[in-house]
Amino acid sequence: MCSSQIKLCTWNIANIGSSKSDENLEYIANTIKKFDVVAIQEVVPNDGGAQTIAKLADILNRKGAKWDYIVSNPTTGSKYKTERYAFLWKVAQLKKIGEAWLEAKYQLEIDREPYYCTFQYKGKNFTLSNFHAITKKLQPETEIKYFKFLPKQYSEHNLIFLGDFNCPQSHSVFGPLKGMGYKPVFQNQKTSLKKQCNGSDCLASEYDNIFINTSKVEVINTGVIHFYQDFESIQKTKEISDHIPIWATIEIK
C-alpha cells in the first residue's frame, strides 16, 4: 500500500564498486530498504560501479519490495576525480519520468556535474539533483555558485538538490538558492566521519544536505542514521562509508 508521503534518502557511500563485499552490500541494503528513493554518490566510474549498484538493487528486491535503479555515465567535467551517481527507488511508490541526465551546461565549471532524475508521485513530479562536490581543500563553493542558475534553467522542474556538498549550508554560496526559496533540510548536522572517534563523538563536518523549494515541497520529518554505532571500530565503519546517510520524509504540494 502506498503511503501519502515520500521517504527520501541520500548517502555518499565511499567508493561503491567491486571492493564492497557481499556483507557490505547486505548491510547497505538493510540500511536503505525503508526508504522510497535513495540517491547515492561516489559510485566508482568503471563497470564495477554500475554492476555493484545492480547487485545492491537485486539484494533489495529480495527484502519485500520491488526496486528499480539507474546509474549515470561517468562524470565528464572533472580534472580531479570522475565518478558515477545512482538512484534506487521503489516502483510501487514512484514512477521514473523520461531519461535521467548529467548537467551539460555547467559540466566544465563543475567537476562532478549533477545527475538529475524526475519521478512522479500521485501525479506530481519532482526532480532530484544528485551531487558530489570537490573536496573542501579545492573550494567546493567555486562550483556550488553555479547552482543559483539551475532553478531558472530547469524552470519546469521541481528541483530538489541533494548529496555531499563538502560545504556547510551556512556558507554564503548557498545564499542565492535560499533567496529563491530553497531551504536546507538540515542545519548544524555533521555528516562526515572523523578519522578517530572521541568517545561517542564520531562526526566531523556538516557536508551532506537536501535543499527543497518550500513553496513546492513540505518536509514532514527528517533524520540521520548513525550507522557507525553498529561497528566495533571506525576502520570497519569506513569499509561501508565515511559519511552517514541523511533522510527526509516529504510531501509534494
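Why is the sulfur of cysteine 9 too far for a bond with the closest cysteine sulfur? In this predicted model, the closest cysteine sulfur belongs to cysteine 117 and lies 16 Å from that of cysteine 9, so the two cannot be bonded. Cysteine 9 has a relative accessibility of 0% and therefore counts as buried. Cysteine 167 is likewise classed as buried, with a relative accessible area of 4%.

A disulfide does occur elsewhere. In general, such a link is a covalent bond between the sulfur atoms of two cysteines. Searching the whole structure yields 1 disulfide, and this bond connects cysteine 197 with cysteine 202 at an S to S distance of 2.0 Å. The link is right-handed, with 110 degrees about the S-S bond. Its two ends fall into separate accessibility classes: cysteine 197 counts as partly exposed because its relative accessibility is 31%, whereas cysteine 202, at 5%, counts as buried.

The strands may be considered next. Strands of a sheet pair through backbone hydrogen bonds, in either a parallel or an antiparallel sense. One open sheet is built from 6 strands in the order β3-β4-β2-β1-β14-β13, and its pairing is mixed. The edges are occupied by β3 (67-71) and β13 (217-224); each has a single partner strand, so one side of each is left without a neighbour in the sheet. On average, neighbouring strands of this sheet are turned by 20 degrees against each other, direction ignored. At one edge, β3 runs antiparallel to β4 (residues 84-90), and 5 bridges join the two. Within this pair, tyrosine 69 stands opposite leucine 88 of β4.

Two helices pack on this sheet. Helix α1 (residues 22-32) touches β1 (6-16), β2 (37-43) and β3, and its direction makes about 160 degrees with that of β1. Helix α2 (residues 47-61) touches β1, β2, β3 and β4, with its direction at about 170 degrees to that of β3.

The loop between α2 and β3 contains lysine 63. This residue counts as partly exposed because its relative accessibility is 27%. Beyond its neighbours within four places in sequence, lysine 63 is in contact with Glu26, Ala29, Asn30 and Lys33. With glutamate 26 there is a polar contact between the two side chains, at 2.5 Å. Leucine 108, by comparison, is 45 residues from lysine 63 in sequence and 40 Å away in space, C-alpha to C-alpha.

Another open sheet, also of 6 strands, follows the order β5-β6-β7-β8-β12-β9, with mixed pairing. Here β5 (95-102) and β9 (182-184) are the edge strands, each pairing on one side only. From one strand to the next, the twist averages 20 degrees. β5 pairs with β6 (residues 115-121) in the antiparallel sense over 5 bridges, and leucine 102 stands opposite tyrosine 115 in β6.

Asparagine 166 is located in the loop between β8 (159-164) and α5 (175-179). Its relative accessibility is 8%, so asparagine 166 counts as buried. Not counting residues up to four places away in sequence, asparagine 166 touches His132, Ala133, Ile134, Thr135, Lys136, Pro140 and Tyr207. A polar atom of the asparagine 166 side chain lies 3.2 Å from the backbone oxygen of isoleucine 134.

Key:
Residues numbered from 1 in each chain as written. Predicted model: local features only at pLDDT ≥ 70, side-chain atom pairs only at ≥ 80, totals over all residues. Heavy atoms only, no water. Pairing = 2+ DSSP bridges. Helix = DSSP H or I, 4+ residues; strand = E, 2+ residues; numbered from the N terminus. Axes fitted to C-alpha atoms, helices over the stretch in contact; angles between N-to-C directions. Contact = heavy atoms within 4.5 Å. Buried < 20%, exposed > 50% of the residue type's maximum accessible area, 1.4 Å probe, protein only. Polar contact = N/O pair within 3.5 Å; in protein donor to acceptor, adjacent residues only side chain to side chain. Disulfide = S-S within 2.5 Å.
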